[in-house]
Amino acid sequence: MYAPAGVKTSKEFPIPDTMKAWVLGDPGQLTLKDKPIPTPKKAEVLVRIDAVAICATDLENIYHGPPAMIEGGLPFNKNWTPGHEYMGTVVALGPGVDEYKIGTRVSVEIHAGCGQCKRCREGMYTSCHNYGLNYGDVDKGHRANGFTTDGGFCEYQVNNINTLVKIADEMSDEEGTLVVTAGTAMYALTELGGLVAGESVVVTGPGPIGLMAVAVAKALGAQPVILTGTRDNRLKIGLELGADAVVNIRKDPDVVAAVKKLNDGKGVDYVVECSAATSAVNDALRMVNRGGKVCLAAFAHEEVPVDVAHIVRNNIYLYGIRGEGKSATHRAEAFMRQKRFDATKIHTHTFPLADLPTAIRYAKDRVDDAIKVVVKAKMDTAHKVAAE
Ligand SMILES: [Zn+2]
Ligand SMILES: [Zn+2]
């Protein structure tokens, strides 16, 4: 029976000693193993994972390694469990924790910064200067579950209370996994200044973050919101999430001209780049007006040439974001709670945790037009148990 010293548990949420967890071996090789249930320390809780979504960055970590960094290096053959977009139920409290109750449903942010570096002190904990330093004698207490510490493709995980976002009772487990996705979009708009009501915004790339960027920009009052991409089915979801117009680049290859035509012949105020296409940065720089701002939320595999002279001559601001800093997930969850947009439109498939390789194939190869694919340890009972 799970009963670590100083940890508070409840009979209502019995915790076994071991759990099923997927572990990464060589690149692309995942094995389902038994692992001990981790122990929450000070300022941490144990979360029973009720649902976890697959993200494009999981595929990066699993097949290539970075941005995951385990024990200071590549994540392969280190008994490491990937997965970071999860939600669940608080089932045990570490010593001194009174901010959360057992039984509370939460979504989790990924990055628990060290809390002591310059960036953490500024709320930029996703850019913590002690990223990945949480092992052996370099332990700075940093955690980014699914990147530098064990993640969510398992049944239970430890989370710092700073990473928890309480979610509405009516929110499904699947929708709960999308709080972080919407939070990343919110962080992009936050870094661009946040005051986008009445301002023109282009989102390039209708992946999960791009589609959530459309929804969040619209909820913040931006107009027009224009979405560009190559797949009509995804552009259609963008329209359902609030885009005022869409451009299919396959049909309209001069995307810069197409965007300007939709904005009274002028460049837009902001671009949120979510496509990772090699041409996307220069296109974005030409879509914005003079003094406009571009936020890069996706990255290409190779180095991309950028027209620096165009940036300088036009006083364009270029930002990069990592993850979801400055408590953006809390603002995103508030919009979802208030039903300002329906994030579930991007959830397409759910599989049992034991079928993770199938779920990854659906996400990676976009089988059956998959967008967000979720896995659940308990396919239908998890939410019910938490609500009782
Ligand atoms: Zn992600
Ligand atoms: Zn830090």
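Threonine 149 has a good deal of company in this predicted model. Setting aside neighbours within four places in sequence, its contacts are Ile70, Trp80, Thr81, Asn134, His142, Arg143 and Ala144. The residue sits in the loop that runs between strand E7 (143–144) and strand E8 (156–160). Despite that loop position, threonine 149 counts as buried, with a relative accessibility of 11%, the cut-off for burial being under 20%.

Turning to the metal, the zinc ion (ligand 1) takes its protein donors from Cys55 (SG), His84 (NE2) and Glu85 (OE), which lie 2.1 to 2.3 Å away from the ion. Along the chain these donor residues follow the spacing C-x28-H-E. Cysteine 55 belongs to the loop between strand E3 (44–53) and helix H1 (56–63), while glutamate 85 is part of strand E4 (residues 85–93), so this pair ties together parts that are 30 residues apart in sequence. Both ends of that tie are tucked away: cysteine 55 is buried at a relative accessible area of 8%, and glutamate 85 is buried at 5%.

Helix H5 (residues 208–219) is the next stop. Its twelve residues reach 16 Å from the first C-alpha to the last, close to the 16 Å expected at 1.5 Å a residue. Nine of the twelve residues are buried, so H5 is largely enclosed by the rest of the structure. The buried set consists of Gly210, Leu211, Met212, Ala213, Val214, Ala215, Val216, Ala217 and Ala219. As for what does the covering, both helices and strands take part. Among the helices are H4 (179–191), H6 (232–240) and H10 (328–337), and the strands include E10 (201–204), E11 (225–229) and E13 (268–273). Just after H5 comes glycine 221, whose phi is positive, at about 100°.

The surface offers a contrast to that enclosed helix. Here Val306, Val308, Val312 and Leu318 make up a nonpolar patch, and together they present about 320 Å² of accessible area. One member of the patch, leucine 318, is found in strand E15 (residues 317–320). With a relative accessibility of 38%, leucine 318 counts as partly exposed, since that class covers values between the 20% limit for buried residues and the 50% limit for exposed ones.

Notes. Residues are numbered from 1 along each chain as its sequence is written. Chains are lettered from A and ligands numbered from 1 in the order in which they are written. This is a predicted model: local features need pLDDT of at least 70, side-chain atom pairs count only at pLDDT 80 or more; totals for chains, interfaces and linings use all residues. Side-chain values use heavy atoms; hydrogens and water are left out. Donors are N, O and S atoms within 2.8 Å of the metal (3.2 Å for Na, K and Ca); water is not among the atoms, so sites may look incomplete. Helices (H or I, at least four residues) and strands (E, at least two) are DSSP runs, numbered from the N terminus. Buried means under 20% relative accessible area, exposed over 50%, partly exposed in between (1.4 Å probe, protein chains only). Patches are made of residues with over 30% relative accessible area and no salt bridge: like charges are joined within 9 Å, nonpolar side chains (Val, Leu, Ile, Met, Phe, Trp, Tyr) within 5 Å. Accessible areas come from the Shrake-Rupley method with a 1.4 Å probe; for residues, only the protein chains shown count as cover. A salt bridge is a side-chain nitrogen of Lys or Arg within 4 Å of a carboxyl oxygen of Asp or Glu. The expected span of a helix is 1.5 Å times one less than its number of residues. Contact means heavy atoms within 4.5 Å.
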